[in-house]
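Here are my notes for a colleague who is opening this one up for the first time. Have the model in view while you read, and take the points in order.

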Amino acid sequence: MPNTTTRKATTGVISQPGWWNRTLGQQQTHFAALLKQRGLVATPDGESLDVLASRLGKQGGVILVTEGTYRFTKTCNLTTSVHLIAESPMTIFETISTMSEPVITCTADRCVVSGITFRDAATSQPAIKVTGDKAVIRDCYFEDCYQAVKIDGSSYTSVVGNHVEASRDTDYVIYLAGASSHCLVSNNRIASNSSQEIRLDAFVPIASIVGNVMNSGVVAYSAHSPDVETAGNTGTEIAY
């Protein structure tokens with residue numbers, strides 16, 4: 001007998017394959033369908049992400065970002081625990097050339113940015129900046145950016161499974177700044193050629209930087225940091 005689960009819905013009884021037997025793609029497709037039913041959907045010509053996020057209320061929630069190109073003239077500031085989930089690889093965030101802010105700023109705790117493609121024309125800011133705690137940046141594709149991700153004073157944030165094709169900052173691609181602590185940077189692929197592709201400031205006391213594949217890049221951290229774990233990264237590791 002196949003493994004099935006049954007749940008009640010407004011249209012009757014639905015029998016569906018067991019959740020844990022699904023591939024990640026099947027789970028994401030099912031999740032996207034549920035979000036569309038509930039109306040928590042962003043479209044390129046619809047309400048801005050800021051407006052949709054505010055409609056979720058103080059507790060936050062999930063926004064499905066449908067495929068298409070979203071053009072930003074100012075940063076999208078996530079001030080509640082919002083999860084931005086891309087519908088497909090063709091969910092693209094772009095900025096105008098004169099913009100000097102991050103595309104996404106996560107100021108609240110427990111924000112998630114997942115699966116989005118960034119074409120960031122900003123001249124001096126990361127595509128994503130995280131100042132809140134416990135954020136997750138995963139499975140994003142940075143086609144063109146100044147820096148990909150800057151974690152600034154955040155704790156317990158994860159940057160996992162992203163691909164950075166091009167970064168215009170010649171110094172850093174993923175940057176842990178300030179007193180960021182207990183953060184994980186893992187399984188990212190970095191094809192750009194910055195001098196230090198993953199950089200930890202001297203004030204970062206604890207972090208895990210593991211399994212990142214870089215184009216002859218460098219992981220740089222302070223020799224005075226009490227507990228920074230680095231393992232399985234390609235390229236060079238430097239304790240400055």
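1. Let's start with a small puzzle: does E94 count as buried or exposed? E94 counts as buried, with a relative accessibility of 17%; the cut-off for that label is under 20%. Do keep in mind as you go that this is a predicted model.

2. What does E94 do with its side chain? E94 and R71 meet there in a salt bridge, 3.4 Å from N to O. Since E94 belongs to strand 8 (residues 91-95) and R71 to strand 5 (residues 68-72), the pair ties together parts that are 23 residues apart in sequence. The partner sits in another setting: R71 is exposed, at 64% relative accessible area.

3. Now go to E143 and R119. These two also form a salt bridge, and their closest N and O atoms are 3.1 Å apart. E143 is in strand 14 (residues 141-144) and R119 is in strand 11 (residues 117-119), so this pair ties together parts 24 residues apart in sequence. Both ends are partly exposed: E143 has a relative accessible area of 30%, and R119 has 28%. Salt bridges with shared partners join R71, E94, R119 and E143 into one network.

4. How many salt bridges does a search of the whole structure find? The answer is six. One of them that I haven't mentioned yet brings the side chains of R55 and E47 together at 2.5 Å, N to O. R55 is exposed, with 53% relative accessible area, while E47 is partly exposed at 43%. As background, side chains of opposite charge can pair when their charged atoms come close.

5. Next, the aromatic rings. The count comes to five aromatic pairs. Among them, F118 and F142 are stacked, with 5.1 Å centre to centre and 10° between the planes. This pair links distant parts of the chain, as F118 is in strand 11 and F142 in strand 14, 24 residues apart. F118 and F142 are both buried. Another pair, Y172 and Y175, is tilted: the centres are 4.6 Å apart and the planes make an angle of 35°. Y172 and Y175 are buried too.

6. Stay with the rings a moment longer. Which residues do ring pairs link into a cluster? They are Y70, F72, F93, F118 and F142. Some of these names come back when you look at the largest nonpolar core, which has 52 residues: I63, F93, I104, F118 and F142 touch the most other members.

7. F142 deserves a click of its own. Setting aside neighbours within four places in sequence, F142 is in contact with F118, A127, I128, A148, V149, N162, H163, V164, E165 and A166. So what does the chain look like overall? Of its 240 residues, 48% count as buried. Among contacts between residues at least 6 apart in sequence, 49% join residues at least 24 apart.

8. On to the strands. The protein chain has two helices and 26 strands. Nine of the strands make up an open sheet with parallel pairing, in the order 3-4-7-10-13-16-19-22-25. At its edges are strand 3 (41-42) and strand 25 (227-231), each of which pairs on one side only. Strands of a sheet pair through backbone hydrogen bonds, either parallel or antiparallel.

9. For a look at one end of that sheet, try strand 22 (residues 206-210), which runs parallel to strand 25 and is joined to it by five bridges. If you want a specific spot to check, the bridge partner of I206 in strand 25 is D227.

10. Last, a loop and the surface. Where is S97 placed? S97 is in the loop between strand 8 and strand 9 (104-106), and S97 is exposed, with a relative accessible area of 54%. The C-alpha atoms of S97 and D120 are separated by 8.4 Å, although these residues are 23 apart along the chain. As for the surface as a whole, the protein chain exposes about 11,500 Å², and carbon and sulfur atoms supply 52% of that.

Key
Residues numbered from 1 in each chain as written. Predicted model: local features only at pLDDT ≥ 70, side-chain atom pairs only at ≥ 80, totals over all residues. Heavy atoms only, no water. Salt bridge = Lys/Arg side-chain N within 4 Å of Asp/Glu carboxyl O. Buried < 20%, exposed > 50% of the residue type's maximum accessible area, 1.4 Å probe, protein only. Helix = DSSP H or I, 4+ residues; strand = E, 2+ residues; numbered from the N terminus. Core = buried A, V, L, I, M, F, W, Y, C linked by side-chain atoms within 4.5 Å. Contact = heavy atoms within 4.5 Å. Areas by Shrake-Rupley, 256 points an atom, 1.4 Å probe, with all protein chains shown as cover. Pairing = 2+ DSSP bridges. Phe/Tyr/Trp six-rings, centres within 6.5 Å; stacked < 30°, edge-to-face > 60°.
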